[in-house]
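Work through three short exercises. Keep the sequence and the 3D view open as you go.

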Amino acid sequence: MTLTVTMTLNGESVSAEVEGRTLLVQLIRDHFRLTGTHVGCDTSQCGACVVHMNGQSVKSCTVLAAQADGAEVSTIESLAENGELHPMQQAFKDNHGLQCGFCTPGMVMSALDLVANNPDPGEAEIRDWLEGNLCRCTGYHNIVKSIAAGAQAMRS
Amino acid sequence: MYEFNYRRASSVSDAVASSGQSDDASYLAGGMTLIPVLKFRLASPSDIIDLAGLGELKGIRTENGAVVVGAMTTHAEVAGSSEVRQPIPALADLAESIGDPQVRNRGTIGGSIANADPAADYPAAVVGLGATVHTNSRTIGADDFFTDMFETALEPGELVTAVSFPVPDRAAYMKFPNPASRYAIVGVMVSQSGEEVRVAVTGAGGSVFRVPEMEQALAVNFAPEAVAGISVSADGLNEDIHASPEYRAHLVTVMARRAVAAAG
Ligand SMILES: Cc1cc2nc3c(=O)[nH]c(=O)nc-3n(C[C@H](O)[C@H](O)[C@H](O)COP(=O)(O)OP(=O)(O)OC[C@H]3O[C@@H](n4cnc5c(N)ncnc54)[C@H](O)[C@@H]3O)c2cc1C
Ligand code: FES
Ligand code: FES
């Protein structure tokens with residue numbers, strides 16, 4: 001059985017025919033070809049697939065496309081404007097918050113949810129928030145620095 | 001994942017009726033357990049009935065002095081609610097300790113207790129605070145709800161609508177988390193309401209259980225020393241790569257002592 005899913009994706013109204021079992025991340029990557037959202041584990045652990053759904057960060061490998069029917073979804077591709085990186089993306093670049101970059105889209109989307117909850121998060125809060133985002137390269141220190149710097153840039 | 005039919009229920013009665021008409025239906029709440037289970041092909045329901053549209057199952061209210069949490073209320077909503085935190089800080093803290101922010105944004109109290117994972121946190125709150133589970137057809141007392149590992153008193157198709165928590169005089173939850181998932185290796189909820197003391201342990205056994213010896217000791221003297229010398233038997237406790245039954249038994253005493261100290 002297929003069903004029609006309609007959603008606002010990065011500000012645009014889109015729709016697609018999906019199976020009940022199609023995951024949101026499959027819809028985003030395979031159908032809409034927005035490949036900035038990554039699949040690291042496919043088991044809800046790593047956070048590489050984090051996107052925002054109705055303003056909250058979610059693991060898109062653990063949401064059915066059908067559950068996002070009617071929702072507002074935004075991905076990493078929604079952040080840069082006119083070729084200019086979002087302050088949080090720029091902060092990751094400036095602070096060496098990435099090496100291979102695989103985890104980065106999820107880190108950035110997760111960080112933006114944190115900043116929406118608290119515009120000035122402390123180090124402990126940032127580390128705690130990153131519980132659901134794994135990075136195999138950086139050792140996290142520079143990610144934490146990047147998020148603090150990104151939050152600061154967003155405040156000013 | 002095997003293919004299934006997906007539909008969104010329009011009301012509680014519609015959800016229950018659709019479930020009754022299907023050979024093998026599963027309710028979908030936050031999906032934080034069910035979707036991984038489907039991916040591993042550990043279940044193959046023919047129909048998935050999404051409860052997401054049911055506003056009647058969402059939200060937190062205070063009723064006759066109890067805090068009533070709708071089944072579709074997320075862990076993040078419970079953690080962030082002053083209507084929970086002010087009367088029962090232990091419950092808000094417990095919800096805040098679940099998994100990670102993305103799991104808390106999606107996972108719900110109804111899904112957690114219906115699933116009855118032996119390492120889940122909410123069972124300790126339901127039993128440790130003496131809550132009542134409301135379903136589409138009846139109410140079930142905390143002590144009768146969790147029956148075994150991944151087993152509850154729910155009948156096939158029965159839908160959890162809300163959980164009501166009486167407000168205790170004091171309570172606290174302490175957990176020794178699995179460092180990767182944050183599930184409880186052992187978690188203990190301690191509460192006191194007048195004469196009644198409850199000590200509920202999750203993570204250690206196949207299902208949440210109370211420790212009557214600790215409850216009696218605390219009823220006489222609500223202080224950490226009162227439980228420091230009381231231990232549970234390791235017989236039959238869970239064993240996995242994270243902890244042996246003996247270690248879990250040891251943690252029960254440690255977490256209980258810390259919970260009593262935190263409850264003050
Ligand atoms: C990475 C990760 C870490 C986690 N860490 C923790 C943790 O530290 N502590 C913890 O306690 N949990 C943890 N969880 C589990 C999480 O809390 C789940 O959200 C929860 O167990 C299930 O809730 P759900 O709303 O997602 O339910 P779903 O996955 O949608 O459903 C689970 C089951 O309950 C049934 N169901 C759902 N709602 C109802 C209802 N209203 N009535 C009857 N049946 C219903 C479904 O049919 C299904 O069988 C973790 C999960 C993940 C993925
Ligand atoms: S791919 Fe979704 S959490 Fe890892
Ligand atoms: S930069 Fe490589 S996984 Fe994080």
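**Exercise 1. Disulfides and cysteines**

How many disulfides does the structure hold over all chains? Then place two cysteines of chain A by their exposure.

Solution. Note that this is a predicted model.
- Step 1: the count of disulfides over all chains is zero.
- Step 2: Cys46(A) has a relative accessible area of 13%. Buried means under 20%, so Cys46(A) is buried.
- Step 3: Cys137(A) has a relative accessible area of 33%. That value makes Cys137(A) partly exposed.

**Exercise 2. A hairpin in chain A**

In which sense do strand 1 and strand 2 of chain A pair? Find a bridge and look at the turn.

Solution.
- Step 1: locate strand 1 at residues 2-9 and strand 2 at residues 12-19 of chain A.
- Step 2: these strands pair in the antiparallel sense, over eight bridges.
- Step 3: pick Val5(A); its bridge partner in strand 2 of chain A is Ala16(A).
- Step 4: two residues lie between the strands of this hairpin. Asn10(A) takes a positive phi near 50° there.

**Exercise 3. The cavity**

What volume does the largest cavity have, and which residues line it?

Solution.
- Step 1: the structure holds one cavity of 30 Å³ or more.
- Step 2: the volume of the largest cavity is about 50 Å³.
- Step 3: its lining includes Phe146(B), Asp148(B), Thr202(B) and Val208(B).
- Step 4: sort the lining by class to get five nonpolar, three polar and two charged residues.
- Step 5: domain 1 (5-166) and domain 2 (170-263) of chain B each give at least three residues to this lining.

Terms used:
Residues are numbered from 1 along each chain as its sequence is written. Chains are lettered from A and ligands numbered from 1 in the order in which they are written. This is a predicted model: local features need pLDDT of at least 70, side-chain atom pairs count only at pLDDT 80 or more; totals for chains, interfaces and linings use all residues. Side-chain values use heavy atoms; hydrogens and water are left out. On a 1 Å grid over the protein atoms alone, a cavity is a set of points where a 1.4 Å probe fits but cannot get out, and a pocket is an open set with protein on both sides within 12 Å along at least five of seven lines; lining residues have an atom within 4 Å of a point. Grid points are joined across faces, edges and corners, and a volume is the space filled by probe spheres set on the points. Ala, Val, Leu, Ile, Met, Phe, Trp, Tyr, Cys and Pro count as nonpolar, Asp, Glu, Lys and Arg as charged, and the others, Gly among them, as polar. Domain bounds come from an automatic or database domain assignment. Two strands pair if DSSP finds at least two bridges between them. Helices (H or I, at least four residues) and strands (E, at least two) are DSSP runs, numbered from the N terminus. A disulfide is a pair of cysteine sulfur atoms within 2.5 Å. Buried means under 20% relative accessible area, exposed over 50%, partly exposed in between (1.4 Å probe, protein chains only).
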